Structures are given as C-alpha cells and as structure tokens.
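Here are a few short exercises to work through with the model open beside you. Try each task before reading its solution.

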Amino acid sequence: MESALIATRRPALSAWRIAVGVLQGVVFAAYPFIVYFAYMRLETRAVGGLLLGAYGVSLALRMRGPKAEIWQLVRQHLGLVLLIATAIITGERRVLLLLPMAVNLYLLATFGWSLHAGPPIVERLARLADANLPDFCIPYCRKVTIAWCVFLAANATAVALLAWLAPVAWWALYTGLLFYLLIGVLFAAEFTLRKLWFRRYDDGLADRLFARLFPAERTANGRRSLAFLQNRRDETVAQPTA
C-alpha cells in the first residue's frame, strides 16, 4: 500500500517541477520587457521590490529536496538577489539592467571552471545523448565549450554597455530578442560545423540531407565515424540476448 501511494505521488511531483520550470523560463524570457514596461510606470525601488518578491516566490517553489541541494540553489542565486537589493537601496535603476549580465557571468564561470576541472560542459551534455562518446569527439567538445565562454563573455559585455550607455528600449530589444536570435545562430552554426567535421549522421531529416550532400566516406573524419558506428553495431549484435 505504501509503495502504491509513493508511486501515485511521483507523477504529481514531476508535473509540479515541470510547471515551475516552465513558469521560470517564461518569466526569464519576458524579464527585459517586464523591466521596460515597469520603468515606464514605476520608480526603481518599486520595480526592484516586485522583482525581489517574484524571485523569492520562484526560489521558494524550487526549495524541495535535500539540504545540500537547497544550499546550492541559494548560492547559485545569491548574486542576483544582492544585485536587486542593491538597486532597491541605491535607487539606481540601471543596476537592475545588469541582471542578464550577472546570469551570463555565472554561466561563463560554470563553463570556464569545467574546462579546468573537467570534463567540459559540452562533453557532459554530449554524454547524456551518447554515453559511449568516442574519444575523437572529446577535443571538439572542449573547443565548443571555449566558444561558448567567448560568447557569454561578449554578451555580458554588451549587456553592461547597453545598461549604462544606451536607452532602456535598446537594452530590452537586445536582451529580449537579439540575444535569443544570436543563440539560435550559434546553435545552428555549431550543428552544421559538427556534421561537416565528423560526418556522423543519424536518421533525422537534417542528417539525411547532410548525408546526401556531404557523404561521410569522402573525408578521413567521416570514415572514422563510419568505422565507429559499424563497430558499435557489431558489438550490439555480438551481445547475448537475455
């Protein structure tokens, strides 16, 4: 009976976490426009108070689990809370415009530290999709992680310059639209480069198109990818069935 009760609770908890994650994503994406329209009608301390309250509710909704995870969550977001508090205390409205910069700097530190401590963030993500990531892909993952570090540093600099030197409308346009377009371009460019470099194709539509236009057997990396995939198929066939 107890195990059945636990099993029935798990989907609700999962749905709760998904709902909270979606809500936080929507708020984060809309943050530049929320700040822009709030600036048109409210003073700095009022905007900061609203943001601090919303942020507190968001953190409270996520504070479930072991104490170690909760403490890690608090440490991750302490800088943003202090930044909002600074805006409330000083009344300097442009301090609030630095929140996206702080997020980029936090991500930059995370990506950069992974290069030092290892494995790089991109390699960790790649292993989530393929636990048996081939060794010849690891240097590429490191280079992509470095590219993300450069992108995050450049974006943090752009946000800071816009926050202090440009109208709020320019800041909102960049952080609320152009930033996401740049991320999309970066993802598309990395995907294209990865396919052209390794020529390792799956069954997706884009992969089939690349395979037709850029056959794997025409390059050394492509032939190496074909050999790796063939070895994996042979190992799968050789495994005894239960």
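**Exercise 1. Work out the fold pattern along the sequence.**

Solution. Start at the N terminus of this predicted model and write down each element as you meet it. The protein reads α-α-α-α-α-α-α-α-α. Now tally by type: there are nine helices and zero strands.

**Exercise 2. Describe how the chain is covered and how its contacts are spread.**

Solution. Begin with burial, counting a residue as buried when its relative accessible area is under 20%. Of the 242 residues, 33% are buried. Next, take the surface: about 15,500 Å² is exposed, and carbon and sulfur atoms supply 69% of it. Finally, look at contacts between residues at least 6 apart in sequence; 60% of these join residues at least 24 apart.

**Exercise 3. Find the largest nonpolar core and the helices that build it.**

Solution. First, locate the core, which has 28 residues. Those touching the most other members are Tyr-31, Val-35, Tyr-39, Leu-51, Leu-96, Leu-97 and Trp-171. Then assign the core to elements: α1 (2–41), α2 (44–62), α3 (67–90), α4 (99–117), α6 (138–165) and α7 (168–198) each give two or more residues. The top contributor is α6, with five residues.

**Exercise 4. Trace the contacts of Trp-171, then look for another core.**

Solution. Set aside neighbours within four places in sequence; Trp-171 then contacts Tyr-31, Pro-32, Val-35, Leu-97, Pro-100, Val-159, Leu-162 and Ala-163. Moving on, a second, separate core holds 19 residues, including Val-122, Cys-137, Val-144 and Phe-228. As background, nonpolar side chains tend to be buried together in soluble globular proteins.

Note on methods:
Residues numbered from 1 in each chain as written. Predicted model: local features only at pLDDT ≥ 70, side-chain atom pairs only at ≥ 80, totals over all residues. Heavy atoms only, no water. Helix = DSSP H or I, 4+ residues; strand = E, 2+ residues; numbered from the N terminus. Buried < 20%, exposed > 50% of the residue type's maximum accessible area, 1.4 Å probe, protein only. Contact = heavy atoms within 4.5 Å. Areas by Shrake-Rupley, 256 points an atom, 1.4 Å probe, with all protein chains shown as cover. Core = buried A, V, L, I, M, F, W, Y, C linked by side-chain atoms within 4.5 Å.
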